[in-house]
Amino acid sequence: MNVAAEQRIAELFGVFAPTYDQHMARSNHFEPQRNLILQSKKWLGKNILDFAAGTGANARLLRDAGDFEITCVDSQSAMLAIARATLGPGCKYILSDVHSIDLPDQSFDTAICSFGFFWFRNPNEVLTEISRLLRPKGGLIILEERFYSGSLPQPAFAKNGGYLSELASLEAFMHIEKLRSICIESGFNLMEEASHPIDSDHELVLSVFTKRVQA
Ligand SMILES: C[S@@+](CC[C@H](N)C(=O)[O-])C[C@H]1O[C@@H](n2cnc3c(N)ncnc32)[C@H](O)[C@@H]1O
């Protein structure tokens, strides 16, 4: 993905921020996201990084699920401002590109990302950065969309409208199998997967990885 596309993504989420949560609720994403994130609870450590946190959907779920210290990172100030306004001072908020986050090595027990990887300029680089920020054996939890066989993601994104039609034109979509393999190549072991249907075209898939300890 080139710099112009990245700039367009930032502008897109700036425009879309005020209606993002409504769009996610209307397009039947909130309930599956809730079920899957809460299902992953046994994998969560105390210090959690929510990267590409957006309006704070995961942080809202986690705040009510246990005694976690949550840091939300996003590069779009309008998205992060909504997270801050709804979650308040109980979480930390960092305005940053996730390709390089200004925090010390091994700051977190767990990193979570939902609906982020389609938008990243260089997913491998993001995974290297997340690995740096995780403690040994730290958890990486990724929530993404998987299209059923025969359903092509780009027409489906275009059909859904809103910001997803922009994703269809960006051609940044990555099949979940590809994402899984780059996580494994980047030093993570796949521990568990779970899915939840969204509509006739696709489902949500939660993948739980742990950071491989180098021999
Ligand atoms: C589809 S939203 C997902 C938000 C949230 N995780 C959720 O579950 O609703 C994608 C988010 O990724 C953020 N994003 C995209 N590229 C990014 C980057 N390189 N660094 C940080 N955030 C990024 C966008 O600003 C946006 O808030």
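## Sheet, helices and ligand shell in a predicted model

Helix α4 (residues 77-87) lies across β2 (69-74) and β3, and its direction is at about 175° to that of β3. The structure described here is a predicted model.

The strands that α4 crosses belong to an open sheet. This sheet is formed by 7 strands in the order β3-β2-β1-β4-β5-β7-β6, with mixed pairing. β3 (92-95) and β6 (188-197) stand at the edges and have a single partner strand each, so one side of each has no neighbour in the sheet. From one strand to the next, the twist averages 20°. Strands of a sheet pair through backbone hydrogen bonds, and the pairing may be parallel or antiparallel. Both kinds of pairing appear in the table below.

| Strand pair | Direction | Bridges |
|---|---|---|
| β1 and β4 | parallel | 3 bridges |
| β5 and β7 | antiparallel | 9 bridges |
| β6 and β7 | antiparallel | 9 bridges |

Individual residues show how these strands face one another. L49 stands opposite A111 in β4, and L143 stands opposite L206 in β7. F188 has K211 in β7 as its bridge partner. A hairpin of 4 residues connects β6 to β7.

A second helix, α8, also lies across the sheet strands β5, β6 and β7 (202-211), running at about 170° to β5. Helix α8 is also a packing partner of α5, as the following paragraph describes.

Helix α5 spans residues 123-133, and its buried residues include P123, V126, L127, I130 and L133. Viewed down the axis of α5, these buried residues fall within an arc of 120°, so they line one face of the helix. An α-helix has 3.6 residues a turn, so residues three or four places apart point the same way. The buried residues of α5 pack against three strands and a helix: β1 (47-51), β4 (108-114), β5 (134-147) and α8 (176-185).

The model also has a ligand, with 20 residues around it. Of these, A52, G54, S75, Q76 and S114 come nearest. By class, the shell around the ligand consists of 11 nonpolar, 7 polar and 2 charged residues. Helices α1 (3-26) and α3 (57-63) each supply at least two residues of this shell. The most is given by α1, which contributes 3 residues.

Methods:
Residues are numbered from 1 along each chain as its sequence is written. This is a predicted model: local features need pLDDT of at least 70, side-chain atom pairs count only at pLDDT 80 or more; totals for chains, interfaces and linings use all residues. A residue is buried if 20 or more other C-beta atoms lie within 10 Å of its own, exposed if 12 or fewer, and partly exposed in between; C-beta atoms are placed from the backbone. The arc is that of the directions from the helix axis to the C-beta atoms. Two residues are in contact if their C-beta atoms, placed from the backbone, lie within 7 Å. A residue is near a molecule or strand if its C-beta atom, placed from the backbone, lies within 6 Å of it. Ala, Val, Leu, Ile, Met, Phe, Trp, Tyr, Cys and Pro count as nonpolar, Asp, Glu, Lys and Arg as charged, and the others, Gly among them, as polar. Two strands pair if DSSP finds at least two bridges between them. Axes are lines fitted to C-alpha atoms, for helices over the stretch in contact, and angles run from 0 to 180 degrees between N-to-C directions.
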